[in-house]
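User: I am new to this structure and would like to go through it by question and answer. Please let each reply lead up to the value or name requested.

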Amino acid sequence: MIEELQDYLAKEFDIHFDNPSLLAEAFTQASYVNEHPHQNLKFYERIEFLGDAVLELIVSEYIFKRFPELPQGNLTRLRAAMVCEDSFSKFAKECHFDQYIRLGHGEELAGARQRPSLLCDIFESFIGALYLDQGRPTVEKFIRRVIFPKLDMGWFDHAVDAKTSLQEFLQRDGDVVIEYHILDEKGTENAPEFHVNVSADGKVIADGTGSSKKQAEMQAAQRALDALRSNK
């Protein structure tokens, strides 16, 4: 299975491990080690510890540089959305890492191969093994392909408000003047309704409604994001 994993990594990601034992360790669960006591095997937990730290550092540095105007609180929430079990398990699944985990028979029958917590652990341990074997540049290359494009796809929009996400999306290549204008205000005092639009450099790109100006602006920003991403 590890040889198949090596072939897959070479073909899909142009990654070639100099020390395949690190890769084997990263994809081996304790249950497999327990069922093969005479093979002197190691399981992933120590390498996972390292991979977790490497991921947090590289992601933190990337979003710090990419979003220079984003305050610390938003950076923290964004990093938490990117560096978490839910995200890592999805990345592992997307990379087909679930197919190469070495599990004990009982864990296999229990469906551990699809368990989000295990997939997260395996993703982290793979990063740790890759860091030990190839160094930071190869890890960054892999992360830039697997994780960072998800920012533009909207995976982590929930971590920051839509207005901030729209601003960062539009200003990736330089300054853009973003303005929100109230088009209409109706309803009653107890149930108001605001209608606004959002423009970029004078061009209207979306509108939105809500029971407050802020809510209407947020809807307009989200609609603008959705429209811009669908046109990419």
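User: How many salt bridges does the structure hold?
Analyst: The model is a predicted one. A pair counts when a side-chain nitrogen of Lys or Arg is within 4 Å of a carboxyl oxygen of Asp or Glu. By that rule, the number of salt bridges in the structure is 12.

User: Which residue forms a salt bridge with Lys93, and is that partner buried or exposed?
Analyst: The partner of Lys93 is Asp98, with 3.3 Å between the closest N and O atoms. Lys93 has a relative accessibility of 37%, so this residue counts as partly exposed. Asp98 has 7%, and because buried means under 20%, the partner, Asp98, is buried.

User: Where in the chain is Asp98 found, and which residues does Asp98 touch?
Analyst: Asp98 belongs to the loop between α6 and α7 (105-109). Residues up to four places away in sequence are not counted here. With those set aside, Asp98 touches Ala92, Lys93, Arg113, Gln114 and Leu119.

User: How many residues apart in sequence are the parts that the pair Lys150 and Glu94 ties together?
Analyst: The side chains of Lys150 and Glu94 meet in a salt bridge with an N to O distance of 2.9 Å. Lys150 lies in helix α10 (residues 149-152) and Glu94 in helix α6 (residues 85-94), so the parts tied together are 56 residues apart in sequence.

User: Which of these two residues, Lys150 or Glu94, is buried?
Analyst: The cut-off for buried is under 20% relative accessible area. Glu94, at 41%, counts as partly exposed. The relative accessible area of the other partner is 4%, so the buried residue is Lys150.

User: What is the distance between the closest N and O atoms of Glu108 and Arg113?
Analyst: Glu108 is partly exposed, with a relative accessible area of 34%. Arg113 is buried, at 14%. The two form a salt bridge, and their closest N and O atoms are separated by 2.5 Å.

User: Which residues are joined into one network by salt bridges that share partners?
Analyst: A network of this kind arises where salt bridges have partners in common. Its members are Glu61, Lys65, Arg136 and Glu140.

User: At what angle do helices α8 and α9 pack?
Analyst: Two packed helices are described by the angle between their axes and the distance between the axes. For α8 (residues 116-134) and α9 (residues 136-146), the axes are 7 Å apart and the angle is about 145°.

User: How many nonpolar residues are in the contact of α8 with α9?
Analyst: Helix α8 contributes Phe123, Phe126, Ile127, Leu130, Tyr131 and Gln134, while α9 contributes Arg136, Thr138, Val139, Phe142, Ile143 and Val146. By class, two of these residues are polar and one is charged, and the number of nonpolar residues is nine.

User: Is Val83 buried or exposed?
Analyst: Val83 lies in the loop between α5 (72-82) and α6. Beyond its neighbours within four places in sequence, Val83 is in contact with Asp52, Leu55, Glu56, Val59 and Phe88. Its relative accessible area is 16%, and because the limit is under 20%, Val83 is buried.

User: What is the phi of Asp201?
Analyst: Most residues other than glycine have a negative phi. Asp201 is found in the loop between β2 (192-200) and β3 (203-210), and is exposed, with a relative accessible area of 53%. Although Asp201 is not a glycine, its phi is positive, at about 50°.

User: What is the volume of the largest pocket?
Analyst: The residues that line the largest pocket are Ser21, Leu22, Ala24, Glu25, Gln39, Asn40, Leu41, Lys42 and Arg102. By class, this lining has three nonpolar, three polar and three charged residues. The volume of the largest pocket is about 170 Å³.

User: Which helix gives the most to the lining of the largest cavity?
Analyst: The largest cavity has a volume of about 150 Å³. Of the 14 residues that line this cavity, the closest to its centre are Phe67, Leu151, Asp157, Ser165 and Glu168. Helices α10 and α11 (162-170) each supply at least two residues of the lining. With four residues, the helix that gives the most is α11.

Technical notes:
Residues are numbered from 1 along each chain as its sequence is written. This is a predicted model: local features need pLDDT of at least 70, side-chain atom pairs count only at pLDDT 80 or more; totals for chains, interfaces and linings use all residues. Side-chain values use heavy atoms; hydrogens and water are left out. Buried means under 20% relative accessible area, exposed over 50%, partly exposed in between (1.4 Å probe, protein chains only). On a 1 Å grid over the protein atoms alone, a cavity is a set of points where a 1.4 Å probe fits but cannot get out, and a pocket is an open set with protein on both sides within 12 Å along at least five of seven lines; lining residues have an atom within 4 Å of a point. Grid points are joined across faces, edges and corners, and a volume is the space filled by probe spheres set on the points. Ala, Val, Leu, Ile, Met, Phe, Trp, Tyr, Cys and Pro count as nonpolar, Asp, Glu, Lys and Arg as charged, and the others, Gly among them, as polar. Axes are lines fitted to C-alpha atoms, for helices over the stretch in contact, and angles run from 0 to 180 degrees between N-to-C directions. Contact means heavy atoms within 4.5 Å.
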